[in-house]
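The following exercises are to be solved with the sequence and the model at hand. Each task is followed by a worked solution.

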Amino acid sequence: MTYRIMIEGTVQGVGFRPFIYQLASQFKLSGTVHNGVQGVEIIVSCSEEELEYFTQAITRRLPPLSSIDTLEVAQIESRDFSDFQILKSDNSGEKTARIPPDVSICSECEKELFDPSSRRYGYPFITCTHCGVRYSIIYDLPYDRVNTSMKFFKMCKACEEEYTNPLDRRYHAQPIGCWECGPTLKLIDSVGRDVPAPTILDKTVELLSEGKIIAVKGVGGYHLMCDATNEEAILKLRERKQRPTKPFAVMVKDIEMARELGEISTHEEELLSSKERPIVIVGERAPRPTGIAPNISRIGLFLPYTPLHLLILDKLQCPLVATSANVTDEPICTNLEDLEKLQGVYDYALEHNRDIVNGCDDSVVMVVGEQEVILRRARGYAPVSIKLPFTLKHHVLAMGANQKSTIAIGFENQAILSPHIGDLDSIGSVEYYEKNIKTLERMYGFQADVIVHDKHPYYESTKYAKRCVGKRNLREVQHHYAHILSVMAEKQLAGKVFGVAFDGTGYGDDGNLWGGEFMVCDYKGYERIAYLNYFKLLGGDKAIKEPRRVAFSILFDLYGEEALAMQNPTTKAFSEVELRTHFTAWQKGLNAPLSSSVGRLFDAVASLLGICQVMSFEGESGMLLEELYDDSIEGYYGFEYKEGKIDFLPMIEALLTEPNASVAVSKFFHTLVEMIAVVYAPYDLPLVLSGGVFQNRVLLALVYERFPEAMISNAIPPNDGGIALGQILYDISS
Ligand code: ZN
Ligand code: ZN
Ligand code: FE
């Protein structure tokens, strides 16, 4: 009898076909296997019993990078095969196969890299079927060499032999190459001139040791790298990049070196050495150069994930600052032309000639208690396919939000979420955003009939949705509802949930800037149960960067004009004239939108306690508050909860009389947890948390302590990077 086995999931570019080939030879089965646009198709002629053993073996012995969503068997017309063969890819039909993410170097390739007897000894682009670049080099599906930027390299004889031998570890490893035939390195100075050196890597390492800043082309873009033990080099990088305090990530040679810099739990160690190798934010172990993360006792570490990084760190033997190379507000640089915009920032660039087709930042993860929280989902994870709890009625394109944007496409019961694209604050970033949309559409042959966007009329994503809508249907979804929906999608929740969205700002149904929202949600819609009492954001967008403006506005709410005469860190952060101007703006409501944002409440508290007046990066005030939290301090401040409104002014009043900042901060955190407890108390529904404020590890840990059953998304970010997924789900309700 002959059977067709259709397998969907992560089954392309992961050594799946040779795995099937080897399995079939072992079972002495005849037939074929090939990649289709929907996954892998196997035809075998065998008995029913043999089929049973064969399919069981497939699911049990999967290659390391693969996973199966569905495996369907159908009996077809009997055919005779003389042997088992791997056939060419099939490009017809609807494309639903997955784009495989980029994977870090595997242990076998690492061994060969440092083995003088290997023909790829020291080759910075060594790879095999079980590791290496994928998404970042793909133009189109299916994932074959001709559809990647490796098509420009003609394989040498030795590589071709490995590539065509189903029993070789490099069988159909699309980025295969060697010293003879593959990509090569080049070192250039800041104006693009070749730097002569007998060996490029030795020269690079020498320059790094001298404190030079080097732009290094990696997987999804360039990093700016410098010696992480050299305070002067770090400060030079901060100055040149005009990035005064935002923490830098540090690449370490191995787990041992990671332990010298950070306190690392078993869970964090697993993440650090996982095949995705994200940046993991861990507790620091002093001392280390203060320039890495000024005033913050946590540090973002990651392990080398390419042979090139491994070689550099092996020679250098010390940690490296490795931060994405990009112009402020622009996407990550992926080619020399982009990089030239950073002339003056880097001293040299370590370049190679394998094109980056799809830019992709490093992913960022943290562990809070038992929970893994992904803060940026990109290299190693993205693009990701998420199975939805329902079947969609339409082909949906979701535009995401405006900050930390991602986009998603949805069809049938799956959603594909793009990697982190970034903030849409510049023309360059909007272009990059559009490119990401087109890439996903092209690769999946996807055409949307519904486009979903955020309710905010001025988000670039909203404007783009309106520009490209054509004859398609346009729908808008409230920002915080989308936040809660994103968790419901990931956790496959059905029925009603109690959602808590603690966020920066999102456009509300009443036109105000929401962000301290308690809502009962299902897929049909939501009811806003409670929210933080509105306060004014003096200066609109400016207030988002200046905690002092929010704090001052709240002081006016409490004390009116008398606030002008008060002596505290907030009032001291303004001049006489500014104080007056802000009072008038507050009184008349001039450029002072109303907000219920918990994120802004964090800012206000940070300003009142003299911790932060003007932020140099998003989320800074929250991180600084974390530093002051003391878990030995108990108690919370009073607040009033009436008719769906939480009046937090009593808390501010009490906080102003507290001489010890650590006490004030700790009680502030406890008060937020108490607010959740009070509003949630009458509801017997699952508790769902989302919004950027839950990136705060202290708050999240406290909420979990109180409500161990609470749910936050683990596979997608709780910040606006998860919004696109939530928007996809909106299709069900409409
Ligand atoms: Zn490998
Ligand atoms: Zn070769
Ligand atoms: Fe948000």
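**Exercise 1. Determine how strand β11 is paired with strands β10, β12 and β15, and in which sense each pair runs.**

Solution. Step 1: Strand β10 (residues 262-263) and strand β11 (residues 279-284) are antiparallel and joined by two bridges; strands here are DSSP runs of E with at least two residues, helices are runs of H or I with at least four residues, both numbered from the N terminus, and two strands pair if DSSP finds at least two bridges between them. Glutamate 263 has glycine 283 of β11 as its bridge partner.

Step 2: Between β11 and strand β12 (residues 298-302) there are four bridges, in the antiparallel sense. Here valine 282 is placed opposite isoleucine 299 of β12.

Step 3: With strand β15 (residues 364-368), β11 runs parallel, and three bridges join the two. Valine 280 is bridged to valine 365 in β15.

The model is a predicted one, in which local features need pLDDT of at least 70 and side-chain atom pairs count only at pLDDT 80 or more, while totals for chains, interfaces and linings use all residues. Residues are numbered from 1 along each chain as its sequence is written, chains are lettered from A and ligands numbered from 1 in the order in which they are written, and side-chain values use heavy atoms, with hydrogens and water left out.

**Exercise 2. Follow β15 onward to strand β16 and describe the connection.**

Solution. Step 1: Five bridges hold β15 and strand β16 (residues 371-376) together in an antiparallel arrangement. One bridge pairs valine 367 with glutamate 372 of β16.

Step 2: The two strands form a hairpin with two residues between them, and glycine 369 in the turn has a positive phi of about 60°.

Step 3: Beyond β16, in the loop between β16 and β17 (384-387), lies proline 383. The peptide bond from alanine 382 to proline 383 is cis, with omega near -5°.

**Exercise 3. Identify the protein donors of the zinc ion (ligand 2) and classify the geometry of its site.**

Solution. Step 1: Cys156, Cys159, Cys178 and Cys181 each contribute an SG atom, at 2.2 to 2.4 Å from the zinc ion (ligand 2); donors are N, O and S atoms within 2.8 Å of the metal (3.2 Å for Na, K and Ca), and sites may look incomplete, as water is not among the atoms.

Step 2: The angles among the four donor atoms span 102 to 117°, and the site is tetrahedral, a class that requires four donors with all angles between 85 and 135 degrees. Ideal angles for four tetrahedral donors are 109.5 degrees.

Step 3: Along the chain the donors of the zinc ion (ligand 2) are spaced as C-x2-C-x18-C-x2-C. Cysteine 156 belongs to the loop between α3 (107-113) and α4, and cysteine 178 to the loop between α4 and β6 (185-189), so this pair ties together parts 22 residues apart in sequence. Both cysteine 156 and cysteine 178 are buried (under 20% relative accessible area; exposed is over 50% and partly exposed in between, with a 1.4 Å probe and protein chains only).

**Exercise 4. Describe the surroundings of glutamate 162 in helix α4.**

Solution. Step 1: Helix α4 (residues 157-164) contains glutamate 162. The relative accessible area of glutamate 162 is 15%, so this residue is buried.

Step 2: The side chains of glutamate 162 and arginine 120 make a polar contact of 2.6 Å; such a contact is a pair of N or O atoms within 3.5 Å, where within protein one must be able to donate a hydrogen and the other to accept it, and residues adjacent in sequence count only if both atoms are side-chain atoms.

Step 3: Apart from neighbours within four places in sequence, glutamate 162 has contacts (heavy atoms within 4.5 Å) with Arg119, Arg120, Asp168, Arg170, Tyr171 and Ile176.

**Exercise 5. Which residues coordinate the iron ion (ligand 3), and how are the donors spaced along the chain?**

Solution. Step 1: The iron ion (ligand 3) is coordinated by His479 (NE2), His483 (NE2), Asp503 (OD), Asp503 (OD) and Asp720 (OD), at 2.0 to 2.7 Å.

Step 2: The spacing of these donors is H-x3-H-x19-D-x216-D. Distant parts of the chain are linked by histidine 483, in helix α13 (residues 479-490), and aspartate 720, in the loop between β31 (711-712) and α23 (723-733), 237 residues apart.

Step 3: Histidine 483 is buried at a relative accessible area of 0%, and aspartate 720 is buried at 10%.

Notes
Tetrahedral: all angles 85-135°; square planar, octahedral: opposite > 155°, others 65-115°.
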